[in-house]
Amino acid sequence: MGTTYLVTGEEMQRADLYTQKHFGVPGLVLMEQAAMAACQCIVRRISAPAKILILVGCGNNGGDGLAVVRLLREQGYEVSYTFVNATNTQMPEKLSESAKVNWQILQNYDCFPVSAPWDNSYDSIVDAVFGVGLNRNLEGNIAELIERANAMEGYKIALDIPSGIDSTLGKVLGTAFQADLTITFGFQKWGLYRYPGISYVGEVELCPIVIGEASFADKKPLIQAFMGTANELLPYRNPNGHKGTFGKVLVVGGSKDIGGAPYFSAKAALLSGCGMVKIFTHEAQRELIGKLLPEAMLGCYSSMDTIEETLLDCINWCDCIVLGPGLGMDDMAQKIWEFVITKSKKPLVLDADGLNLCAEIDNFTILQSLQSDSATHRQLVLTPHPMERKRLWNALEQRKDKEVINEPLMDCFYEEAFALAKVLHTVVVAKDSKTLTVAENGMGYWNLSGNDGMATAGSGDVLTGIIAAFLGQRMALLEAAALGVYVHGLAGDYGAKTYTTYALTADRIAESLTEVFR
């Protein structure tokens with residue numbers, strides 16, 4: 001199990017420059033390393049003597065491409081290249097200094113660009129036009145040439161990032177190269193995992209080069225990602241422990257008409273290592289949950305008058321609380337929400353209706369006030385999907401907390417999550433196709449596991465239970481939330497192998513946790 005940084009375009013450029021200026025590594029050395037790594041990836045996938053076309057830009061990404069031309073020719077490939085710039089395909093415009101060296105080398109070998117390569121005779125087309133520094137829309141001749149390349153039939157490979165994709169935001173800058181494989185250098189980039197950019201990258205292969213963690217000096221990247229199996233980061237299991245040792249999770253949810261949501265959270269918590277689970281829910285769900293999950297204890301209410309005493313006993317019993325799955329939005333739900341928020345300081349995961357109630361301006365104010373006071377502050381995780389984030393953001397704007405809101409927002413997804421985390425002194429799990437977990441200091445984790453089959457009813461309730469189980473086992477707040485997201489995605493990936501993404505359900509995701517922890 002390991003972690004890797006995901007970097008913005010600015011962070012990657014800064015690391016590149018620091019490596020050259022501080023460590024004295026020449027740009028040509030970096031370019032040759034990237035080209036050699038790219039060649040190794042290409043050789044593993046395409047056998048010589050394949051016919052390959054390389055699209056070359058004028059910057060350092062183009063210089064990488066020119067070096068790849070030379071290295072592939074040395075290994076027996078039939079390689080052609082063409083310049084993609086504003087005027088023509090045979091003469092470059094304003095080549096970077098390192099790229100000029102590689103172009104001169106090719107000329108010394110009598111290897112010159114071709115002018116009309118736009119046919120379907122190539123086995124592969126390699127995009128080395130723009131790298132992570134692109135910040136403008138592709139227009140005119142350049143856009144036309146990228147689109148002509150997309151229309152060709154060969155296997156398409158992008159170096160570092162597909163040209164036309166914003167390396168930080170994942171936006172399509174006018175048009176973009178449609179890759180089957182992206183060979184990225186040094187570190188993964190945000191834009192490779194954000195929509196719509198992720199739709200253009202194909203498979204991603206990370207190639208280490210001399211730009212490493214030391215290249216960030218004392219300003220490390222904000223975002224990391226878990227990679228590999230989960231076992232090495234799971235909470236420690238004391239072989240001499242008992243069921244109380246491994247955490248007691250209280251799930252507060254369900255209503256007169258809904259019982260499935262708290263069941264999924266409770267089941268996932270039990271399957272994620274916690275020792276004991278209790279569900280506080282409406283009396284109408286006693287029989288259903290008792291049959292579905294006999295391992296769980298129950299604390300039930302039937303009216304307003306029966307809530308407080310039973311709920312207080314449950315709160316005093318537990319180590320961690322889940323609040324919201326299936327809770328509803330009526331007066332009874334409001335009373336339960338406010339009681340949990342105000343009567344306990346235990347770690348809390350807010351989900352579903354727990355978030356929707358939080359988005360009510362009076363409730364938002366209560367929670368913000370409690371979280372801002374050291375005497376009432378608690379460990380708190382919010383798990384909003386896009387619509388829940390929108391509701392919370394509306395409440396935040398009504399509170400006029402301008403000191404934490406960037407206006408205009410450069411990047412709505414990250415900035416919204418960060419602002420909410422900062423205002424409520426919490427960790428925000430911004431659920432999406434690639435979920436972002438971020439803390440109030442701006443640090444966080446991007447999740448790279450999971451699949452579209454997980455877009456199914458109850459999947460979020462399973463996630464909530466996993467996070468709560470890790471918190472109940474006394475993991476640190478940010479790591480418990482982020483690892484919970486990663487484990488949830490891995491369970492979805494295992495489940496999809498068995499059931500397909502079409503037939504994946506919340507229960508099947510939960511059951512697949514067994515494979516994650518095996």
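**Exercise 1. State where proline 49 lies in the chain, and give the geometry of the peptide bond from alanine 48 to proline 49.**

Step 1. Proline 49 sits in the loop between H2 and S2. Helices (H or I, at least four residues) and strands (E, at least two) are DSSP runs, numbered from the N terminus. The structure is a predicted model, in which local features need pLDDT of at least 70 and side-chain atom pairs count only at pLDDT 80 or more, while totals for chains, interfaces and linings use all residues. Residues are numbered from 1 along each chain as its sequence is written, and side-chain values use heavy atoms, without hydrogens or water.

Step 2. The bond from alanine 48 to proline 49 is cis, and its omega is near 5°.

Step 3. The bond from tyrosine 195 to proline 196 is also cis, with omega near 5°. Proline 196 belongs to the loop between S7 and helix H6 (198-201).

Step 4. For a backbone angle of another kind, take alanine 217, a residue other than glycine with a positive phi, near 55°. Alanine 217 is in the loop between S8 and strand S9 (223-227). Most residues other than glycine have a negative phi, and most peptide bonds are trans.

**Exercise 2. Give the strand order of the open sheet of 6 strands and identify its edges.**

Step 1. The order is S3-S2-S4-S5-S6-S8, and the pairing is parallel. Two strands pair if DSSP finds at least two bridges between them.

Step 2. Strand S3 (78-83) and strand S8 (203-207) are the edge strands, each pairing on one side only. From one strand to the next, the twist averages 20°.

Step 3. At the S3 edge, strand S2 (residues 51-56) and S3 are joined in the parallel sense by 6 bridges. Within this pair, isoleucine 52 is opposite valine 79 in S3.

**Exercise 3. Work out which strands of the 12-stranded open sheet have a side without a neighbour, and why.**

Step 1. Write down the order: S7-S1-S9-S18-S17-S16-S15-S14-S13-S10-S11-S12, with mixed pairing.

Step 2. Strand S7 (188-189) and strand S12 (297-301) are at the edges; each has a single partner strand, so one side of each has no neighbour in the sheet.

Step 3. For a pair inside the order, take strand S16 (residues 427-430) and strand S17 (residues 436-438), which run antiparallel and are joined by 3 bridges. Here valine 429 has threonine 437 of S17 as its bridge partner.

Step 4. Helix H7 (residues 260-271) lies across strand S10 (248-252), strand S11 (276-282) and strand S13 (320-323), and runs at about 175° to S11. Axes are lines fitted to C-alpha atoms, for helices over the stretch in contact (heavy atoms within 4.5 Å). Angles run from 0 to 180 degrees between N-to-C directions.

**Exercise 4. Describe how H10 and H12 pack.**

Step 1. Helix H10 (residues 331-343) and helix H12 (residues 361-372) pack at an angle of about 10°, and their axes are 11 Å apart.

Step 2. H10 contributes Gln334, Trp337, Glu338, Ile341 and Thr342 to the contact, and H12 contributes Asn363, Ile366, Leu367 and Leu370.

Step 3. By class, the contact has 5 nonpolar, 3 polar and 1 charged residues. Nonpolar means Ala, Val, Leu, Ile, Met, Phe, Trp, Tyr, Cys and Pro; charged means Asp, Glu, Lys and Arg; the others, Gly among them, are polar.

**Exercise 5. Characterise the two largest pockets and the largest cavity by volume and lining.**

Step 1. Fix the terms. On a 1 Å grid over the protein atoms alone, a cavity is a set of points where a 1.4 Å probe fits but cannot get out; a pocket is an open set with protein on both sides within 12 Å along at least five of seven lines; lining residues have an atom within 4 Å of a point. Points are joined across faces, edges and corners, and a volume is the space filled by probe spheres set on them.

Step 2. The largest pocket holds about 800 Å³. Its lining has 32 residues, with Gly59, Asn60, Asn61, Gly131 and Val132 closest to the centre. Helix H1 (9-21), helix H2 (27-45) and helix H3 (60-74) each supply at least two lining residues. The classes are 15 nonpolar, 12 polar and 5 charged.

Step 3. The second largest pocket has about 580 Å³. Among its 25 lining residues, Asp432, Met454, Ala455, Ser459 and His488 lie nearest the centre. H15 gives the most to this lining, 4 residues. The classes are 6 nonpolar, 12 polar and 7 charged.

Step 4. The whole structure has 1 cavity of 30 Å³ or more. The lining of the largest cavity includes Phe226, Thr437, Trp446 and Tyr486. H16 provides the largest share, 3 residues. The lining has 6 nonpolar, 3 polar and no charged residues.
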